[in-house]
Amino acid sequence: MRDPIPGRTCPISYRYGAHALQGPPQLHVDTLWIAGGLYGNTLALQALLDGYAAEPGSKALVFNGDFHWFDVDPREYELVNETVLAFHATRGNVETELANPGEQAGCGCAYPDWVGDATVEHSNHIVERLRATARQQPGLDRLAGLPMHFVARVGEARVGIVHGDAESLAGWGFSQEALSFPEGYAAAQAALTSAGVDVFASSHTCLPVMQSFANGVVVNNGASGMPNFSGETCGVVTRISVEPGDGALYGAQRSGVSIEAVPLRYDARAWQTRFLAQWPPGSSAHRSYWERMTNGPRYSRKQALRVARSVPASAGR
Ligand SMILES: [Fe+2]
């Protein structure tokens, strides 16, 4: 057997299984915002706080992991840490590998084969540099103590909040790629039933997708702190509410709630300046992310919104 490759493997401690989501909800609100993948973007964070503050009624905001990433500047790191930890939060692989570095885990991303080796290598370098910042700051024990999953109730809908997928912290089962395949679609549909939730909200895989099923919806916000669509610089967060909001990019309905992809329109130029100050040309993060930061990924809103389809009875078992 080959030795594990840092950044490609999923540590055993990341695994929990869909049944872990079966417990009672930890909060009950009319409106829930879920922000995964902030990646240390402090301008997107401010846009998020402003948008959330304007939301009326009973509400909650959950950061579902990878709120740190590019924030190697100690002041940026501290701002992200202190702000996020004032809300509900779950840990992503980034926070886990900062607080409790796993042997051979690298960045903890558990990258699948379709992600190239250079990206994996860059990510391992990024987490090493970020770890050097984090070790100089207080609060690593608070990151270590964050849960891996969270259950909320919005109106009558049960929402399972994870960083990766129904099985593990860094799972790619809720990626737009996996959901494209019949096996992946069927597995996600089965996971909704196993967890007893109407909606799964995830992040981790960096591209957004909102996939409806006969028995629920899987919504992945992509990145709240990076561009998500070609030619657009906005971050995306997930909003689930008993009332539809204004200005969603796209949405779906389930169990009496609206599930929406909400754009975070931050000052992209100002963020690029902050990014360059931390990750100049030639650095790992610049090589992996600058093109996306300025022009967006090769992916469209149209690709992100997906309707339910029929599943062969044998699939996903
Ligand atoms: Fe992640």
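This briefing walks through the iron site, the cysteines, one helix and the salt bridges of the structure above. Keep in mind that the model is predicted. The iron ion is held by four protein donors, D66, N93, H163 and H204. Elsewhere, the structure holds seven salt bridges, while a search of the whole structure turns up zero disulfides.

**The iron site**

- Start with the metal: the iron ion has D66 (OD), N93 (OD1), H163 (NE2) and H204 (ND1) as its protein donors, at 2.1 to 2.2 Å.
- The angles among the four donor atoms run from 90 to 159°, and the site is irregular. It isn't counted as tetrahedral because that would need all angles to lie between 85 and 135 degrees, and the range here goes up to 159°.
- Along the chain, the donors are spaced as D-x26-N-x69-H-x40-H.
- Two of these donors, N93 and H163, link distant parts of the chain, sitting 70 residues apart. N93 belongs to helix 3 (residues 93-99), while H163 is in the loop between strand 6 (157-162) and helix 6 (176-180).
- N93 has 0% relative accessibility, so it counts as buried. H163 is also at 0% and therefore buried.

**The cysteines**

- If you go looking for disulfides, you'll find zero in the whole structure.
- C234, for one, is in no disulfide: the nearest cysteine sulfur belongs to C206 and is 15 Å away. A disulfide would need the two sulfur atoms within 2.5 Å.
- C206 counts as buried because its relative accessibility is 15%. C234 is buried too, with a relative accessible area of 5%.

**Helix 7**

- Helix 7 covers residues 182-195, which makes 14 residues. From its first C-alpha to its last it reaches 20 Å, close to the 20 Å expected at 1.5 Å a residue.
- Its buried residues are G184, Y185, A186, A188, A191, L192 and A195.
- What do the buried residues of helix 7 pack against? Their partners are strand 6, helix 6, strand 7 (199-202), strand 8 (208-213) and strand 9 (216-221).
- As background, an α-helix has 3.6 residues a turn, so residues three or four places apart point the same way.
- Right after helix 7 comes G196, and its phi is positive, near 70°.

**Salt bridges**

- Side chains of opposite charge can pair when their charged atoms come close. The structure has seven salt bridges, and three of them are picked out here.
- E55 and R239 meet through their side chains in a salt bridge, at 2.8 Å from N to O. E55 lies in the loop between helix 1 (42-53) and strand 3 (59-64), and R239 lies in strand 10 (residues 235-241), so this pair ties together parts that are 184 residues apart in sequence. Both E55 and R239 are buried.
- R142 and E82 form another salt bridge, with their closest N and O atoms 3.8 Å apart. Since R142 is in helix 5 (residues 140-144) and E82 in helix 2 (residues 74-84), the pair ties together parts 60 residues apart in sequence. R142 is partly exposed, with a relative accessible area of 39%, and E82 is partly exposed at 40%.
- R153 pairs with E156, and here the closest N and O atoms are 3.3 Å apart. R153 counts as partly exposed at 28% relative accessibility, whereas E156 counts as exposed at 62%.
- Finally, salt bridges with shared partners join E55, R239 and E260 into one network.

Note on methods: Residues numbered from 1 in each chain as written. Predicted model: local features only at pLDDT ≥ 70, side-chain atom pairs only at ≥ 80, totals over all residues. Heavy atoms only, no water. Donors = N, O, S within 2.8 Å, 3.2 Å for Na, K, Ca; no water. Tetrahedral: all angles 85-135°; square planar, octahedral: opposite > 155°, others 65-115°. Helix = DSSP H or I, 4+ residues; strand = E, 2+ residues; numbered from the N terminus. Buried < 20%, exposed > 50% of the residue type's maximum accessible area, 1.4 Å probe, protein only. Expected span 1.5 Å × (residues − 1). Contact = heavy atoms within 4.5 Å. Salt bridge = Lys/Arg side-chain N within 4 Å of Asp/Glu carboxyl O.
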